[in-house]
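Me: I'd like to understand how labels such as "buried" or "salt bridge" get assigned. Could you walk me through a few cases?

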Amino acid sequence: MAPDLVRVPDVRAVSDGLVLICELPDKRRVGVPRLMIDLDSEVQQPGDYGTLVIPRRLARDLGLDGQ
């Protein structure tokens, strides 16, 4: 995996629209632009559960860089 990507485990995609709404293990929900989700991510569309793979910059903006 590229060093500029972050893996966020145990994420569930709950809905989409302009962004994919993802529920984190702490039940917090964040909006992730679909174009920013890496192709290796297990979370791509509503109903998916697993590891979300996104750029480090986006993870930092969403407060996920410590996950």
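Reply: Happy to; here are some labels and the values behind them. This is a predicted model, where local features need pLDDT of at least 70, side-chain atom pairs count only at pLDDT 80 or more, and totals for chains, interfaces and linings use all residues. Residues are numbered from 1 along each chain as its sequence is written, and side-chain values use heavy atoms, leaving out hydrogens and water.

Me: Why is Val32 called buried?
Reply: Buried means under 20% relative accessible area, exposed over 50%, and partly exposed in between (1.4 Å probe, protein chains only). Val32 has 0% relative accessibility, so Val32 counts as buried.

Me: Which residues is Val32 in contact with, leaving aside its neighbours within four places in sequence?
Reply: Contact means heavy atoms within 4.5 Å. Among the partners of Val32 are Val19, Ile37 and Leu62.

Me: What makes Arg34 and Asp16 a salt bridge?
Reply: The term asks for a side-chain nitrogen of Lys or Arg within 4 Å of a carboxyl oxygen of Asp or Glu. For Arg34 and Asp16 the N to O distance is 3.2 Å, so the pair fits the rule. Arg34 is partly exposed at 34%, and Asp16 is partly exposed at 44%.

Me: Which residues are linked with Glu23 in a network of salt bridges?
Reply: Lys27 and Arg29 are. Glu23 meets Lys27 at 3.8 Å, N to O, and Arg29 at 3.2 Å. Glu23 is buried, with 16% relative accessible area, whereas Lys27 is exposed at 59% and Arg29 is exposed at 51%.
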